[in-house]
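Visitor: I would like to take a close look at a single residue in this model and then follow its surroundings outward. Please keep the answer connected, and say what each term is taken to mean.

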Amino acid sequence: MSKERAISEPASETQKKEATAPRPKVDMTSEQAATLILAPYVTEKTFNQIEKENKLAFIVAEKATKKQIIDAINILYEADVEEVNTTRTIRGKKAFVKFKTPEGARDLATRLALV
């Protein structure tokens with residue numbers, strides 16, 4: 001077991017370095033980003049998420065991936081995204097975007113005149 005631990009430890013260190021390294025920018029035009037992010041989605045529940053969880057909700061294209069959503073938010077709103085959760089509903093696909101900065105969701109909601 002000690003050999004396995006010795007072998008797995010350097011691999012985990014490498015993975016940590018890769019995870020903290022900045023991601024390369026994807027070549028996406030602003031038009032492509034606009035077709036992925038259809039509209040912000042605000043209800044009482046999502047308004048509470050803005051305040052408490054630093055998250056904003058968007059209606060996105062059905063075929064949009066999480067990585068594409070992150071890149072589109074970076075291009076359209078120049079905001080740093082920490083994570084994205086998606087769900088499919090009757091209204092379409094929704095993306096719940098958590099921002100890196102503590103007031104990121106509130107600032108973006110203010111710029112979009114949602115708050």
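Visitor: Is lysine 94 buried or exposed, and what is its relative accessible area?

Guide: This is a predicted model, in which local features need pLDDT of at least 70 and side-chain atom pairs count only at pLDDT 80 or more, while totals for chains, interfaces and linings use all residues. Residues are numbered from 1 along each chain as its sequence is written, and side-chain values use heavy atoms, with hydrogens and water left out.

Lysine 94 is buried, because its relative accessible area is 11% and buried means under 20%, with exposed being over 50% and partly exposed in between (1.4 Å probe, protein chains only). Lysine 94 belongs to strand β4, where strands are DSSP runs of E with at least two residues and helices are runs of H or I with at least four, both numbered from the N terminus. The cover over lysine 94 fits its strand, since seven of the eight residues of β4 are buried.

The surroundings of lysine 94 can be read from its contacts, a contact being heavy atoms within 4.5 Å. With neighbours within four places in sequence set aside, lysine 94 touches Tyr41, Phe58, Ile59, Val60, Asn85, Thr86, Thr87 and Thr89. With tyrosine 41, the side chain of lysine 94 also makes a polar contact of 3.4 Å; the term stands for a pair of N or O atoms within 3.5 Å, where within protein one must be able to donate a hydrogen and the other to accept it, and residues adjacent in sequence count only if both atoms are side-chain atoms. Across the strand pairing, threonine 87 stands opposite lysine 94. Valine 84, by comparison, is ten residues from lysine 94 in sequence, with 10.0 Å between the two C-alpha atoms.

Two strands are said to pair if DSSP finds at least two bridges between them, and β4 (residues 92–99) pairs with β3 in the antiparallel sense over eight bridges. β3 and β4 make a hairpin with two residues between them, and arginine 88 has lysine 93 as its bridge partner in β4. β4 also runs antiparallel to β2, to which six bridges join it, and one of the bridge partners there is lysine 98, which is matched with lysine 55.

Just before β2 (55–60) comes asparagine 54, in the loop that follows α3 (44–53). Asparagine 54 is buried as well, because its relative accessible area is 10%. The side chain of asparagine 54 reaches the backbone nitrogen of alanine 105 at 2.9 Å, and its contacts, not counting residues up to four places away in sequence, include Val97, Lys98 and Phe99 as well as Gly104 and Ala105.

Some other residues lie toward the outside. Glutamate 78, in the loop between α4 (66–77) and β3 (81–89), counts as exposed because its relative accessibility is 70%, and it has a positive phi of about 50 degrees although it is not a glycine. Alanine 113, in the segment after α5 (104–111), is likewise a residue other than glycine with a positive phi, near 60 degrees, and is exposed because its relative accessible area is 63%. Phenylalanine 47, in helix α3, counts as partly exposed because its relative accessibility is 31%.

For the setting as a whole, the protein chain holds five helices and four strands, which follow the pattern α-α-β-α-β-α-β-β-α along the sequence. Buried residues, lysine 94 being one of them, make up 32% of the 115 residues in the chain. Of the contacts with a separation of 6 or more, 58% are between residues 24 or more positions apart.
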